[in-house]
Amino acid sequence: MIDPTHSPPPSKTRLVLLSFLMLFVELALIRWLGSNVVYLSYFSNFVLLGSFLGIGVGFLHARRRVELLPWAPVALGALVVFILVTDIEVRREAAGVLYFGKFEVTGAPPWLALSGIFVAVALVMATIADGVARTFARFEPLEAYRLDIMGSILGIVAFSCLSFLGAPPLAWGVVTVICFGALLGKRLVRPFALVAIIALLIGLGRESFETSTSWSAYYKVHLRDFDDPEHVADIDVNGIPHQSMESAARRRDIQPFYFYPYERSRDLSLDDVLIVGAGSGSDVAIALSKGAKHVDAVEIDRRLQQIGAELHPDRPYENPAVDVHIDDGRAFLEKSDQEYDLILFALPDSLTLVSGQSNLRLESFLFTREAMASAREHLKPNGTFAMYNYYRQPWLIDRLAGTLAQVYGHPPCVDKVGEGLGLATLTQSLAQDGLSCPTRWVPAGEVPPPVSDDYPFLYLENKTIPTLYLTVLGLILLASLVIVRILGGPFKSMSSYLDLFFMGAAFLLIETKNVVQFALLFGTTWFVNALAFLGILLSVYVAIEVAKRKRFDRPRLLYGLLFAMLVVAWLVPQASLLELELPFRFVAAIALAFGPIFVANLVFAERFQDVGDSTTAFGANLLGAMVGGALEYSALIIGYRGLLIVAALLYAGAFMVGFGRRGITAPT
């Protein structure tokens, strides 16, 4: 442990700034690496796991004399330059799970690419966390934790503001360099650090000022222009082909499947049309060309819609009949009471996850059984529902068609186009005789069951953890043991804080469950996600303030209250919350989500303020969070609701370990 008697007086501002930097860089790495390593955005949770490992190791290393913070600019600059000068792509091929993108499968084996990125991120975060821990140790444990959370809150607010403004990576780099300058002073101009900072800013600046590249809150967006008035550009996101801006006339000639939804209905009126996944506007242009009088165009990414408004050859977003809604499609359906003649899910494949803490994709809640039922409720009596995409595999078409058959009571029309790509249009109506179908759906084999709001893993064929994930998780856990032992020291030093390790793992699962629940209740947008994390950090902060003012002599009562809240959260069905009006839904969601978080942090704070070695204790807690992130993959089998059971078992383990050590003072 660091000896505070030989250190200058502690600075609260310094600890807040260090914690700000640590969370800001973590969020920036998750966002930036997913944008520059092709297909990494499907695996951003591995970047988060690397961050937790690095922070935990940094706290453990702080007991040693060698300071790592001066090497943080070098480590970060080296990682950024390496990614920019190499052409890394994660091979996304895996049995039983689908990833959208290029039709050919290329790139480094996932076990190699993901493990390498995991270790690199861990090393970068360890250098920053070492600096945090050395200041952290100069305060009383609970005061240090309070200041750390304050900095984390400021970090997430700052990064969210930059996301809202569409700021490019250079802005993230400038913020980071300013923090380095304030924390390191003259040490920042040492040769290695200075060269790394210059390389970092040049690299980020070069991609930030590319004329054909812009940044949304979700993607690195790149335009590929064509000298064709009918096909002006293609849009790539995170290095993956995503959309084409083509006129309706051109699509009629070369891709007629876009028009099938308008041709399958026997009596289709187009007074009101809803298009989910409106993107750059091609589907909106087709609806207008077919005579739509009013179109609600829902698109989750504001930047993609803006590009369409500026460049699409048909100018669909200038039409007064079109109302644009920047929102998640499921959230729009839950908030709207409008009925439609046609509801169209137009290739809503997001190519990214909601956050680094889950396997939830942006569109996951749009294809559950409950979502299909919600869309059905928004149809007029003669209304039509349709969806199309390159589904890749017959089993995915069968799953979606089977879901529609269950919700509507009869099989949908299925128009398949070509071979090998799984291109298909599924069309359904309230009345079985409302469609004129060349082909009704007939299962190609055993039909995978519909996915649900609790188990929204549409692209996973069976309830299992794919071998790809198990292999990579095994490798990173092995790498974690080696890194912790080399940089953190003997494992025996953490044995006194095994209960805090369990708490870290359990808390990560509760946090993940709540982030996912907020995405369901209020939308999978980046803004909802940011608010959920901000609410979690505020709940933690309030718990710390309470613990500073009130000691709880009976930890059993706190544990009992925590278990009771977890039981309530498990018993309350999510469907019941969706039925509430928005204000009441918000209040109920806060109570169910942040109540357990508040009490869990009372339990943690009560234990943490008595530790003898705050940096080792906090490091053990963070390493537990990394293990909790690995355990999150169990949701692929048990669903997100089942994570509450795993969390309860971990808290039970923390209670038993802590109770066994009751009355024993940790070594100072």
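## Exercises: a seven-stranded sheet and a serine

In this predicted model, strand S5 (residues 273-276) pairs with strand S6 (residues 295-299) in the parallel sense, over four bridges.

**Exercise 1.** Work out where S5 and S6 sit in their sheet, and which strands form its edges.

*Solution.* Start with one residue pair: Ile-275 stands opposite Ala-297 in S6. Now zoom out to the whole sheet. It's an open one with seven strands, in the order S7-S6-S5-S8-S9-S11-S10, and the pairing is mixed. Next, look for strands that pair on one side only: those are S7 (322-326) and S10 (413-417), the edge strands. Last, check the twist, which averages 15° from one strand to the next.

**Exercise 2.** Find the strands that helix H13 lies across, and give its angle to S9.

*Solution.* Pick out H13 at residues 369-377 and see what it lies across: strand S8 (340-346) and strand S9 (379-390). Then compare directions: H13 runs at about 140° to S9.

**Exercise 3.** Decide whether Ser-35 is buried or exposed, then track down the partners of its side chain.

*Solution.* First, place the residue: Ser-35 belongs to helix H1 (residues 12-36). Its relative accessibility is 4%, and the cut-off for buried is under 20%, so Ser-35 counts as buried. Now go for the polar contacts. The Ser-35 side chain makes one with the side chain of Arg-31, at 2.8 Å. Another, of 3.4 Å, links it to the side chain of Asn-238. To finish, skip neighbours within four places in sequence and list what Ser-35 is in contact with: Trp-215, Tyr-219, Lys-220 and, once again, Asn-238.

Note on methods. Residues numbered from 1 in each chain as written. Predicted model: local features only at pLDDT ≥ 70, side-chain atom pairs only at ≥ 80, totals over all residues. Heavy atoms only, no water. Pairing = 2+ DSSP bridges. Helix = DSSP H or I, 4+ residues; strand = E, 2+ residues; numbered from the N terminus. Axes fitted to C-alpha atoms, helices over the stretch in contact; angles between N-to-C directions. Contact = heavy atoms within 4.5 Å. Buried < 20%, exposed > 50% of the residue type's maximum accessible area, 1.4 Å probe, protein only. Polar contact = N/O pair within 3.5 Å; in protein donor to acceptor, adjacent residues only side chain to side chain.
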